[in-house]
Amino acid sequence: MTARFFFSAAAAVIVAGASSKLWEVPTGHFTSSSNQTENVPLERCQNQWTEDGVKVTADIPPKLDGTWVSTRCEVRPGPEFLTRSYTFHSNRHFQALQHYYTESSCEDPAYSLMIRGKIRLLQASWITRGASEAEHHLSRVGIVVHSMAAKQRLASRLPPACVSLSLNEAVPGKLHELYNTRAGRACLAAMGFSVTEMGLVRVETQHHSHGGKVQELFLGDIHTDWAQRTQHRPSGYQQPLQNAMHHIHPCPVCALVYRSSEQRPPVLPRGPAVPLSLTGHWVSLRCETRPNVLFLTRDFTFNPSQHAWEGIYRHYLDSACSQPTFTLRAWGHYAQGNPSSKLSGATEFVFKVTQVRVTAIDKSTAKLLNSTRPGKCGRAGDWSVGVEQDLTATNGCPMLGIKLPHKEYELFKMELDHRKRPLLFTGERPTDGSSPDRPLRRPTSFQAPMVLCNGGETHPSFSTFNSRQLQLARMEDTGLYPPY
């Protein structure tokens with residue numbers, strides 16, 4: 001029995017109470033079409049990164065009208081580097097601009113895609129709680145290559161038939177049609193092009209005490225396997241786009257992306273180089289949604305002098321992280337490697353997980369864990385709500401996808417946010433739930449960032465295991481994951 005079964009079982013509990021009403025949100029105690037929660041990460045750290053009085057709401061169905069833009073150079077699996085500007089109209093039509101670059105700072109544009117189509121919201125999602133399902137129809141896709149070198153690089157990835165059909169006539173700086181409603185999509189698929197991200201939609205609004213607001217658009221995740229991305233049905237999210245009229249200030253990238261066109265891609269300013277320093281206590285910025293019905297927050301502590309880490313993953317049933325299911329604590333050690341050859345500014349790591357403890361927070365989770373065979377997941381039959389169990393003696397817990405000891409190949413990067421606070425980016429988990437347990441499986445893209453808490457102090461409970469790490473953020477089929 002795998003963790004994939006565990007989480008699908010949790011999803012089944014959710015679906016069991018489903019209503020026939022399309023937009024009735026499957027969140028138990030929520031009674032309106034707008035769910036609201038405090039914008040807080042973890043207890044002691046909440047006031048360090050958010051303003052007092054900030055509330056977050058998410059309307060179902062979401063209101064998409066307007067233009068939504070990237071806030072930084074985005075990294076997709078591959079890796080691919082891009083910025084996005086998506087405009088939605090009240091008549092359901094949309095226009096999307098995707099600008100692709102040759103490097104991870106988005107300073108050297110390669111080509112831009114202009115995408116037109118229609119989107120129709122379908123219903124509240126019963127799988128990814130808090131999201132809405134949608135379907136889209138493309139009417140046109142055009143490309144502008146920005147140099148002959150970019151055209152040649154793109155042509156080298158495509159079958160000869162697609163090059164002759166789609167790229168031979170493309171002139172740098174001129175829009176060339178790749179697809180319309182009368183043409184097939186074979187060449188789009190060969191490029192890895194897909195807007196399956198529009199199958200899952202969520203809009204969050206941050207209401208600030210001074211009266212201002214920030215709006216973010218979450219679209220579906222991109223599969224980490226290139227061969228799967230065009231058919232992927234998302235159940236998690238990418239990094240959000242921000243509403244061009246209601247975004248965090250200052251945001252120089254927002255303005256550049258908003259003013260861009262397919263002929264004039266944004267060239268982003270080079271940010272300051274941020275030396276990698278893991279020392280201290282790092283926490284999630286928000287409740288995080290991952291593929292395969294995972295809602296969680298992460299909380300890690302690193303001790304570089306001992307090459308040690310500790311971590312906590314708190315798992316929930318809902319996208320507001322208000323209904324906890326279990327908490328996972330883990331620790332181990334790590335080794336820092338070389339700078340990444342694929343992602344400028346990123347550093348390679350190897351993490352080892354040596355000890356894990358799990359606490360069931362609700363009765364359903366405790367019941368599932370008690371169904372395991374003796375010797376496979378802690379003390380069989382002895383799981384109860386609120387009581388922590390050490391899984392070291394049973395070498396993990398297959399039901400939760402935990403294998404001990406466990407090694408993973410990781411990728412870390414640091415940036416500064418708009419307030420000049422350190423952000424830590426860690427490698428994105430494979431969409432299929434597998435583990436990056438060998439160098440060739442090392443991530444090529446990132447999860448949502450974490451923010452430094454307590455000014456870089458090491459968490460006081462580090463030596464007693466009351467701490468943070470691990471990447472069970474994806475507890476699915478194979479082993480544990482390290483601090484992300």
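Colleague: In this predicted model, what is the bridge partner of Val283 in E15?

Modeller: Asp299 is the partner of Val283. E13 and E15 run antiparallel, joined by 4 bridges.

Colleague: What makes E13 and E24 a strand pair?

Modeller: Pairing needs at least two bridges. E13 and E24 have 4, in the antiparallel sense. His281 stands opposite Cys453 there.

Colleague: Why is E13 called largely enclosed?

Modeller: E13 covers residues 280–284, and 5 of the 5 are buried, so the rest of the structure largely encloses it.

Colleague: How do you know that Glu133 and Arg233 form a salt bridge?

Modeller: The cut-off is 4 Å, from a side-chain nitrogen of Lys or Arg to a carboxyl oxygen of Asp or Glu. For Glu133 and Arg233 the N to O value is 3.8 Å. Glu133 sits in strand E8 and Arg233 in the loop between E11 and E12, so the pair ties together parts 100 residues apart in sequence.

Colleague: Why is Glu133 called buried, and why is Arg233 called exposed?

Modeller: Buried means under 20% relative accessible area, exposed over 50%. Glu133 has 15%, so it is buried. Arg233 has 66%, so it is exposed.

Colleague: What makes Arg357 and Asp390 a salt bridge?

Modeller: The limit is 4 Å. Their N to O value is 3.9 Å, so the pair counts. Arg357 lies in E18 and Asp390 in E19, so parts 33 residues apart in sequence are tied together.

Colleague: Why is Arg357 called partly exposed?

Modeller: Partly exposed lies between the 20% and 50% limits. Arg357 has 24%, so it is partly exposed.

Terms used: Residues numbered from 1 in each chain as written. Predicted model: local features only at pLDDT ≥ 70, side-chain atom pairs only at ≥ 80, totals over all residues. Heavy atoms only, no water. Buried < 20%, exposed > 50% of the residue type's maximum accessible area, 1.4 Å probe, protein only. Helix = DSSP H or I, 4+ residues; strand = E, 2+ residues; numbered from the N terminus.
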